[in-house]
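Here's a quick briefing on the ligand sites and the internal cavities of this model. Have the structure open while you go through it.

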Amino acid sequence: MLPPEVFVVTEQVQGQLTPVSFELLGAAKKLAEEMGGASISCVLLGADIRDLGEDLASHGADKVYLAEDQRLALYQNEYYALFLTKFFKKQQPEVVLWGATAISGELAATVAARLETGLSAHCSDLHLNEEGLLVQVVPAFGGKVLGDILCPSRRPQMATVKTGIFSSLSKGEGAGEIIYEDTSILDGCSPLLKTLKVTKEKDRDTSLKEAAVVVGGGWGVGSGENWTLLERLSSLLGGAVGCTRPALDEGWTNGEHTMIGTSGITIKPKVYIGIGISGAIHHLVGIKDAEMIISINKDAKAPILSFSDYGVVADFKKVLPGLIEKIEELS
Amino acid sequence: MKERRILVCIKPVPDPEHYDKIGIDPASKTLVRSGIPAVINPNDKNAIEAALEIREYWGGIVELVSMAPPDAEEKLREGLAMGADKAYLLSDRSFAGSDTLATARVLAAGIAKIGSFDLVITGSESADGGTTNVSPQLGEMLGLPHVCNVESITPQNEEQWQLNVKIEEGYLKVEGPTPMVVGVNDKINTPRYTTVMGIMEAEDKEVVIWSAADLEIDNDKVGLTGSPTQPGDLHEPKLQRAGKLLEGEPEVVVDKLIRLLRQAGVLNA
Ligand SMILES: Cc1cc2nc3c(=O)[nH]c(=O)nc-3n(C[C@H](O)[C@H](O)[C@H](O)COP(=O)(O)OP(=O)(O)OC[C@H]3O[C@@H](n4cnc5c(N)ncnc54)[C@H](O)[C@@H]3O)c2cc1C
Ligand SMILES: Nc1ncnc2c1ncn2[C@@H]1O[C@H](COP(=O)(O)O)[C@@H](O)[C@H]1O
């Protein structure tokens, strides 16, 4: 019998691999170890993707299957789903992991429907149970509750994973084999829906995900002018600024990629400093893995205080200027 | 000009404003969610609004479809009060426990029975389960092209529509013919409020209720039996921390903060 294989569907947008692609290899490695040594395979669709394939091969993938075809240059749901459905029918994997991104999430749901198998979405953890089934831990009610999902009888067991949950493997872990797949199945398909183009907004700012210190601002910050205090503090600490939904809606922030929580990003900084944030579950799920949480809230009853390691009950305007000044003096 | 027929899939969910109150009963390990009112899934109000705007532009009718227990009729009336013309409630004990695939099957069976249409609009994401699976899977079950995370819908002509799709990196511009299934996001519009007039008019609008038998749907294709995924244990993530308060005058607090930042290794000065 062949050794079991964990499959990962990696993704590229305009010739760039997305961060979750590498993190999925990290997740696959964890599962492969739990399986007692499975191999890690990934599949990538696109045009001119040899370099990307090699990048994946040097980041922990044992096998990199490439579907290289001009018709796959942009994400086309019908082409992509057609290819992957056939590919997985041939490969018959036990486990397939996908990114919980707009593109891969939609694609995974499409392929799951065609394979008539299960798909759990936005998993926050994955592990095997005693029977060797994949336990897919999904958030419900904004993350207040976590539920285990199993797919006992259909295969593959498929799950999507958000960016920022698993760590990528470092470069140099393995040198996988590159395998080109036949894409002639696309010849018989003329997609009804066509992706005409991708408009990239300025390159995504990844500093927030990597920052050791994140200063988070909420509705209590009160104005764009006050917001500059948060920016000042974070830049002194070499950190980044994140926000809650109301702060985003007010337009004080640097764009929606800085929103932390259920509908936003997940971060794991050394220190998170939450300012004017009440501590709703939708926000907390995004910061719960911070090593230290400090919060400043003027309301002693604000829930965030009990979800923090340290809390300050005060108007932040009375604390931040002094803190900033002190750090400036010190540096 | 051809009139449009637009179907909108809506789902009642426990009000997301109250999710902090949801928990797990330690003894029975089941969900505690009593007293939390149901609302139309917020994102589905964007779907209704998008449909109403298309109707205002092109003319036509807007009909709501929901798979839910019988008491969801009240939520469908709320959608009718926003301005939709008619509603279908797909309700049967055998639907309970449906995962996304089984839900998509039931919705597709209901939509097939409704007949011809130009567009099915759904939300992209529900607030309770939040899988984002149902919209694409419904498209698959109907054998139609589908696209979700849609932030604007622009009709090009009678049959051709252009969609702006939000992705993490920016946008995709997608084009295709109707009929199709479109999942909209919450940026596409601001849903209108219901008016007293709307609520009164909704009382006279029709809500059709269909069971599994009406849909001629196979019992083992729906509900928990027809679902490839099966729920296991529930947990509550541990969020509580020490919550130690830093007290004193602002200068004292600042010194304590400085000490903490040093201790955490993020302030070297
Ligand atoms: C489906 C869904 C998804 C969501 N996803 C997200 C998400 O991903 N991320 C997210 O953040 N939210 C999300 N939300 C919104 C979330 O439920 C909360 O509404 C939001 O997190 C609250 O933000 P806040 O703490 O900034 O504002 P508020 O709850 O209004 O809290 C403001 C706080 O500031 C304090 N304050 C006021 N003035 C001062 C001052 N001068 N000094 C100090 N403190 C002060 C107040 O005491 C209060 O505690 C989502 C909601 C839904 C329904
Ligand atoms: N039971 C249901 N009845 C009607 N529509 C639904 C149902 N479940 C999901 N949907 C639709 O599918 C969208 C995505 O839901 P989900 O996949 O659960 O995140 C929702 O916004 C609804 O438009």
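In this predicted model, ligand 2 has an oxygen atom 3.0 Å from a polar backbone atom of B:N133. Taken alone, ligand 2 exposes 490 Å², and the protein buries 97% of that. On the scores, the model comes in at ipTM 0.95 and pTM 0.94, while chain B has a mean pLDDT of 95, with 99% of its residues at 70 or more.

**Ligand 2**

- There are 20 residues around ligand 2, and the closest are B:C9, B:D44, B:S126, B:T131 and B:T132.
- On the side-chain front, B:N41 puts a polar atom 3.3 Å from an oxygen atom of ligand 2.
- B:M67 comes in through its backbone, with a polar atom 2.9 Å from a nitrogen atom of ligand 2.
- Two or more residues of the shell come from each of β6 (60-67), α3 (100-114) and β8 (119-123) of chain B; β6(B) gives the most, with three residues.
- Sorted by class, the shell around ligand 2 holds six nonpolar, eleven polar and three charged residues.

**Ligand 1**

- Around ligand 1 you'll find 26 residues, of which A:W219, A:T244, A:S278, A:H282 and A:N297 are the closest.
- Residues from both chain A and chain B surround ligand 1, so this site is shared between chains.
- A:H282 places a polar side-chain atom 2.8 Å from an oxygen atom of ligand 1.
- Two backbones reach nitrogen atoms of the ligand: a backbone N or O atom of A:I260 lies 2.8 Å from a nitrogen atom of ligand 1, and a polar backbone atom of A:K298 is 3.1 Å from a nitrogen atom of ligand 1.
- On its own ligand 1 exposes 1,000 Å², and the protein buries 83% of that area.
- In chain A, α7 (245-249), α8 (281-287) and α9 (316-330) each supply at least two residues of the shell around ligand 1.
- The shell around ligand 1 splits into nine nonpolar, twelve polar and five charged residues.

**The largest cavity**

- Searching the whole structure turns up four cavities of 30 Å³ or more, and the largest has a volume of about 130 Å³.
- It has 18 lining residues, and those closest to the centre of the cavity are A:Y75, A:E106, A:T195, B:V147 and B:V174.
- Chain A contributes at least two lining residues from each of α3 (77-91), α4 (102-115) and β13 (194-200), and chain B does so from each of β9 (146-155), β10 (160-167) and β11 (170-177).
- β9(B) has the largest share of this lining, at four residues.
- By class, the lining of the largest cavity comprises ten nonpolar, five polar and three charged residues.

**The second largest cavity**

- The second largest cavity holds about 90 Å³ of space.
- Among the residues lining the second largest cavity are A:V9, A:E11, A:L44, A:Y75, A:Y80, A:I103 and A:L107.
- A:Y75 turns up in both places: it is one of the closest residues to the centre of the largest cavity, and it also lines the second largest one.
- β4 (39-46) and α4 of chain A are the elements that give two or more residues to the lining of the second largest cavity, and α4(A) has the largest share, with three residues.
- This lining divides into seven nonpolar, three polar and one charged residue.

Technical notes
Residues are numbered from 1 along each chain as its sequence is written. Chains are lettered from A and ligands numbered from 1 in the order in which they are written. This is a predicted model: local features need pLDDT of at least 70, side-chain atom pairs count only at pLDDT 80 or more; totals for chains, interfaces and linings use all residues. Side-chain values use heavy atoms; hydrogens and water are left out. pLDDT is the predictor's confidence in each residue, from 0 to 100. A residue is near a molecule or strand if one of its heavy atoms lies within 4 Å of it. A polar contact is a pair of N or O atoms within 3.5 Å; within protein, one must be able to donate a hydrogen and the other to accept it, and residues adjacent in sequence count only if both atoms are side-chain atoms. Accessible areas come from the Shrake-Rupley method with a 1.4 Å probe; for residues, only the protein chains shown count as cover. Ala, Val, Leu, Ile, Met, Phe, Trp, Tyr, Cys and Pro count as nonpolar, Asp, Glu, Lys and Arg as charged, and the others, Gly among them, as polar. On a 1 Å grid over the protein atoms alone, a cavity is a set of points where a 1.4 Å probe fits but cannot get out, and a pocket is an open set with protein on both sides within 12 Å along at least five of seven lines; lining residues have an atom within 4 Å of a point. Grid points are joined across faces, edges and corners, and a volume is the space filled by probe spheres set on the points.
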